[in-house]
Amino acid sequence: MEQLGYVILYVEDLKVSVGFYRDVVGLAYKFTDAGYAEFDAGRVRFALYERRRAEWLTGRAVAPGAGGEVVVMVDDVNTYAERFAAAGVPVLSGPVDRPWGHRTVHIADPDGFVVEFAEEIPRARQRR
């Protein structure tokens, strides 16, 4: 049986990104070792890895981010939006209710990856 075990983002500055995901996103930081940092994100492990070291793993250079999204499920999106505003974190969009049953707010991490905070709400549009 296949299951998702890790989500790892390749980042430019590990220290800056650890601070972002710990202090802005609010994930519980676990450890850093040899260019790799891990957070407590429930069943799936969420980690960061220095992009400059990624070629060792992938066999080729890894381009900078901005091509993906991390979704963090929360109880109250408005609270996060207020926290971002107070901390001077630029909001890309939201908070806004989405027809698929989420209220969302989007920010960008230091490498340009989009981080969505989503709160479950009643669906306005049913699946076909």
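Student: Which residue in strand 8 is the bridge partner of V72?
Tutor: The model is predicted: local features need pLDDT of at least 70, side-chain atom pairs count only at pLDDT 80 or more, and totals for chains, interfaces and linings use all residues. Residues are numbered from 1 along each chain as its sequence is written, and side-chain values use heavy atoms, leaving out hydrogens and water. Strands (E, at least two residues) and helices (H or I, at least four) are DSSP runs numbered from the N terminus. Across in strand 8, V72 has as its bridge partner F117.

Student: In which sense do strand 5 and strand 8 pair?
Tutor: Strands of a sheet pair through backbone hydrogen bonds, either parallel or antiparallel. Two strands count as paired if DSSP finds at least two bridges between them. Strand 5 and strand 8 (residues 114-120) are joined over five bridges, and their sense is parallel.

Student: Which strands stand at the edges of the sheet with the order 5-8-7-6?
Tutor: Four strands form this open sheet, with mixed pairing. An edge strand has a single partner strand, so one side is left without a neighbour in the sheet; the edges are strand 5 and strand 6 (93-98).

Student: What angle does the direction of helix 1 make with that of strand 8?
Tutor: Neighbouring strands of this sheet are themselves turned by 25° against each other on average, direction ignored. Helix 1 packs on the sheet and touches strand 5, strand 7 (102-108) and strand 8, where contact means heavy atoms within 4.5 Å. Axes are lines fitted to C-alpha atoms, for helices over the stretch in contact, and angles run from 0 to 180 degrees between N-to-C directions. The angle between helix 1 and strand 8 is about 25°.

Student: Which are the edge strands of the sheet with the order 1-4-3-2?
Tutor: This open sheet has four strands and mixed pairing. Each edge strand pairs on one side only, and these are strand 1 (6-11) and strand 2.

Student: Which residue in the loop between strand 2 and strand 3 has a positive phi?
Tutor: Strand 2 (28-33) and strand 3 (36-40) lie on either side of this loop, and they pair in the antiparallel sense over five bridges. The phi is about 50°, although the residue is not a glycine; it is A34.

Student: How are helix 1 and helix 3 oriented to each other?
Tutor: Two packed helices are described by the angle between their axes and the distance between the axes. For helix 1 (residues 14-25) and helix 3 (residues 77-87) the angle is about 120° and the axes are 11 Å apart. Angles under 35 degrees count as roughly parallel, over 145 as roughly antiparallel, 65 to 115 as roughly perpendicular and the rest as oblique. The two helices are therefore oblique.

Student: Which residues of helix 3 are met by D23, V24 and V25 of helix 1?
Tutor: One of these residues, Y80, also contacts V74 and F117, leaving aside its neighbours within four places in sequence. Helix 3 itself lies across strand 6, strand 7 and strand 8, at about 25° to strand 7. Its residues that meet helix 1 are Y80, R83 and F84.

Student: What is the separation of the C-alpha atoms of Y80 and P95?
Tutor: Y80 belongs to helix 3, whereas P95 lies in strand 6. The peptide bond from G94 to P95 is cis, with omega near 0°. Y80 and P95 are 15 residues apart along the chain, and their C-alpha atoms are separated by 9.3 Å.
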